[in-house]
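Trainee: Can we go through a few of the labels people put on residues? I'd like to see the reasoning behind each one.

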Amino acid sequence: RVRGRELVDIGIATHFVPSFKLDELEGRLGDARWGGRDKDLVRRMIEEVADPHDKVDLGDGGKEMSVDPIVAHRSEIIEVFALDTIEEICEELSKRASQGVKWCEDAHKAIMRSSPMSLKVTLEALKRSRNSSLEDALKMEFRILHGFMEGNDFYEGVRAILVEKDNKPTWKPASLEEATAEMVDAYFADWGDELEFHAKPAKL
């Protein structure tokens, strides 16, 4: 899983503010006198509070938390997960794991525990949304949500992990091979109840 600090490293987030500094940031934002350059003002306030790129201040007498950033394996992760299918990704992870690459071993185990259908739908969604607008991406995710709510695996995951806690979900389909392209495509079909956006986007 990607931790808060690593979100900045891989470009998903712009800043990392530790939880113990959030009150300070909230206070600064609350005291600000807003004008015509609000965007720049907010960015400057966050940068003054956020931790620098290469360390995380724990707020405990100058102690710093050593970070094991995902960027340490960035090139390998891109190389593996740029493969076209989940089957190819699993095969490559397994091969590297057999050569002693720990993160590949952990990733392979996590994938093999997961719902085959969820894996394939997620990969397809990432491909389809690569050049999508936010609105189109949200509409696509709404369709996917419909698909999972009509299927087995969401409820089975809740049962196995949260309710009965046996950690032995029975996925349907049970394997990657059984999760066909036609079944995946059905998750992206129009269910007749499309997500609609009526509000105009806000401008800073």
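Trainee: Why is Cys-104 called buried?
Mentor: This is a predicted model, and in it Cys-104 has a relative accessible area of 0%. Buried means under 20%, so Cys-104 earns the label.

Trainee: And what makes Cys-90 buried?
Mentor: Same kind of check: Cys-90 comes out at 7%. The cut-off is under 20%, so Cys-90 counts as buried.

Trainee: How many disulfides are there?
Mentor: The count is 0. A disulfide needs a pair of cysteine sulfur atoms within 2.5 Å.

Trainee: Why is Lys-165 called exposed?
Mentor: Its relative accessibility is 57%. Exposed means over 50%, so Lys-165 fits. You'll find Lys-165 in the loop between α9 and α10, with phi near 55°.

Trainee: Is Asn-167 buried or exposed?
Mentor: Exposed: Asn-167 has 53%, and the bar is over 50%. Asn-167 is also in the loop between α9 and α10, and its phi is near 55°, a positive value in a residue other than glycine.

Trainee: What makes a positive phi worth pointing out?
Mentor: Most residues other than glycine have a negative phi.

Trainee: Which residues does the cis peptide bond join?
Mentor: Lys-172 and Pro-173, with omega about 0°. Pro-173 sits in the loop between α9 (153-163) and α10 (181-186).

Trainee: How do you know that Ser-115 is buried?
Mentor: Ser-115 has a relative accessible area of 5%, and buried means under 20%, so the label holds. Leaving aside neighbours within four places in sequence, Ser-115 is in contact with Asp-153 and Trp-171.

Note on methods:
Residues are numbered from 1 along each chain as its sequence is written. This is a predicted model: local features need pLDDT of at least 70, side-chain atom pairs count only at pLDDT 80 or more; totals for chains, interfaces and linings use all residues. Side-chain values use heavy atoms; hydrogens and water are left out. Buried means under 20% relative accessible area, exposed over 50%, partly exposed in between (1.4 Å probe, protein chains only). Contact means heavy atoms within 4.5 Å. Helices (H or I, at least four residues) and strands (E, at least two) are DSSP runs, numbered from the N terminus.
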